[in-house]
Amino acid sequence: MSLRDLRPYLLAVLMTLPGLALRLAPADVSPMLVAVLAGLAILGASFLLTWACEVAQLDIPQAVAVAVVAFIAVLPEYAVDMYFTWMAGQHPESAYSHYAIANMTGANRLLIGIGWTAIVLIFAGRFHNYVALHEEKRTDVLFLGLATLYALLIPLKGSLTLFDGVVFLGIYVGYMCIIARRPCEEEEPEGPAATLARLSRPARMRTVAGLFLFAALVILFNAEPFSESLVASGKILGINEFLLVQWLAPIASEAPEFIVALMFAFRGNAGLALGSLLSSKLNQWTLLVGMIPGVYAVSSGGTAPINLDPHQFQEIFLTAAQSIFAVALLLDLRLGLREATALLVLFLAQLFSPFYDVQLEALLGLPHDPLRLHNFYAWTYLILAGLFLLRHWRLVAELRYGFHVKVRDIVHH
């Protein structure tokens, strides 16, 4: 193993060091500098986790790999969101619960609106005009659909309770019980992960364990300063801190996963890339959402629902609507160029809506309502999803094969 092979790991570790040093910094350090350094530390740790997870699957049982590796891979996102949720339980009157929902909904919408579409657009430019998923990914589509249908009930009933958390976690457990019983498919690690894969098994396991431990500590050490400084930076710059938490925080934690997926797409393996981000979406939409009311209950010392207002419920509604539209587009286990373009255009339209909503309402002679366009885009997603589901009702019925451990091969006519 040469020094050149270790460069990615050394660079990732160097990215984490300034964030770790923040613990020794004076209290009057600029929040913007803290946000940058802690964000870089989380980004570097995320890369280490991504590579370690890829290699770990060579040495641990499939059932363990599927459960543990899937959780560890999204640890950066969980750390930030669980910090906001814990603080919300400690200070129910604060805006922390709003930040928790902002981070969760932003991460989920980014995965579909940017992650999925980027893979298809890159693949279309180099190979084919659609990306096809493996038949076994029907299970992911099925359980994502089940979780999304339940998520649509949350804004309708106006609460996010412990029972809701149990339902989301139950959906994820059901999903895990199916895929953990499937035979392991050997995949050769690529890129920096291939360097570790060449080590002897004992050395490889020790190295992977060390990377997991180091990266987890970096993320846990930096979750609080990153989260707090992001909010403080928004207040200093006069930028809505809700939007910063919703869109900038997930970028630091999701970037490595995006980059790895895009690398697969560039190499022509877009099905694997899209499949990995589909699994990540399901993971976050079940485990992440399911853990929020539980962490809040432990922190607050009670069983009361997490404190949310109409804005947060509208964010959940919009995120669920985008998800059900994405499920409808994946009924045939393909995502084409037109479908990806539709996802991207709708995502960008709602992302930038705070910059044009007042002008649009004035043009139409409507009073200002900050949630008007959220509601419009949510219903647009739902109507489009409904049209797709009605048109392809036979494919909806075929989702039942996702409950099988051995998914039947289905030929679409």
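This briefing walks through a few helices, some chosen residues and the aromatic rings of the structure above. The model is predicted, so please read each point below as a description of that prediction. A good place to begin is the pair of helices α6 and α8, whose axes come within 10 Å of each other. From there we move to helices α13 and α16, then to aromatic rings, and finally to Phe-212 in helix α10.

**Helices α6 and α8**

- Two packed helices are described by the angle between their axes and the distance between the axes.
- Helix α6 covers residues 138–151 and helix α8 covers residues 162–179, and their axes cross at roughly 170°.
- Angles over 145 degrees count as roughly antiparallel, and α6 and α8 are therefore roughly antiparallel to each other.
- On the α6 side, the residues that meet α8 are Thr-139, Asp-140, Phe-143, Leu-146, Ala-147, Tyr-150 and Ala-151.
- On the α8 side, the partners are Phe-163, Asp-164, Val-167, Phe-168, Ile-171, Gly-174, Tyr-175, Ile-178 and Ile-179.
- Sorted by type, the residues of this contact between α6 and α8 comprise 12 nonpolar, 2 polar and 2 charged.

**Leu-146, a residue to follow**

- Leu-146 belongs to helix α6, and with a relative accessible area of 33% Leu-146 is partly exposed.
- Setting aside residues up to four places away in sequence, Leu-146 touches Ile-171 and Phe-403.
- Ile-171 is one of the α8 residues in the contact with α6.
- Leu-146 and Ile-324 stand 178 residues apart in sequence, yet their C-alpha atoms are 9.4 Å apart in space.

**Two glutamines in helix α13**

- Gln-314 sits in helix α13, which spans residues 310–329, and Gln-322 lies in helix α13 too.
- Gln-314 has 13% relative accessibility and counts as buried, because the cut-off for buried is under 20%.
- Gln-322 is also buried, with a relative accessible area of 0%.
- Not counting residues up to four places away in sequence, Gln-314 touches Leu-371, His-374, Asn-375 and Ala-378.
- With neighbours within four places in sequence left aside, Gln-322 is in contact with Asn-108, Arg-109, Ile-112, Gly-113, Phe-347 and Tyr-381.

**Helix α16**

- Helix α16 runs over residues 372–391 and has 20 residues.
- From its first C-alpha to its last, α16 reaches 29 Å, close to the 28 Å expected at 1.5 Å a residue.
- The buried residues in α16 include Leu-373, His-374, Tyr-377 and Ala-378, along with Thr-380, Tyr-381, Leu-382 and Ala-385.
- Some of these names have come up before: His-374 and Ala-378 are among the residues touched by Gln-314, while Tyr-381 is one of the contacts of Gln-322.

**Aromatic rings**

- The structure holds 17 aromatic pairs.
- One of them joins Tyr-172 and Tyr-175, whose ring centres are 6.0 Å apart and whose planes lie at 45°, so this pair is tilted.
- Tyr-172 and Tyr-175 are 3 residues apart in helix α8, which means that about one helical turn separates them.
- Both Tyr-172 and Tyr-175 are buried, and Tyr-175 is among the α8 residues that meet α6.
- Elsewhere, ring pairs link Tyr-83, Phe-84, Tyr-96 and Tyr-99 into a cluster.

**Phe-212 in helix α10**

- Phe-212 is found in helix α10, which covers residues 201–237.
- With a relative accessible area of 17%, Phe-212 is buried.
- Phe-212 and Ala-118 are 94 residues apart along the chain, and 28 Å separates their C-alpha atoms.

Conventions: Residues are numbered from 1 along each chain as its sequence is written. This is a predicted model: local features need pLDDT of at least 70, side-chain atom pairs count only at pLDDT 80 or more; totals for chains, interfaces and linings use all residues. Side-chain values use heavy atoms; hydrogens and water are left out. Axes are lines fitted to C-alpha atoms, for helices over the stretch in contact, and angles run from 0 to 180 degrees between N-to-C directions. Helices (H or I, at least four residues) and strands (E, at least two) are DSSP runs, numbered from the N terminus. Angles under 35 degrees count as roughly parallel, over 145 as roughly antiparallel, 65 to 115 as roughly perpendicular and the rest as oblique. Contact means heavy atoms within 4.5 Å. Ala, Val, Leu, Ile, Met, Phe, Trp, Tyr, Cys and Pro count as nonpolar, Asp, Glu, Lys and Arg as charged, and the others, Gly among them, as polar. Buried means under 20% relative accessible area, exposed over 50%, partly exposed in between (1.4 Å probe, protein chains only). The expected span of a helix is 1.5 Å times one less than its number of residues. Rings of Phe, Tyr and Trp (its six-membered ring) pair if their centres lie within 6.5 Å; planes under 30 degrees apart count as stacked, over 60 as edge-to-face and the rest as tilted.
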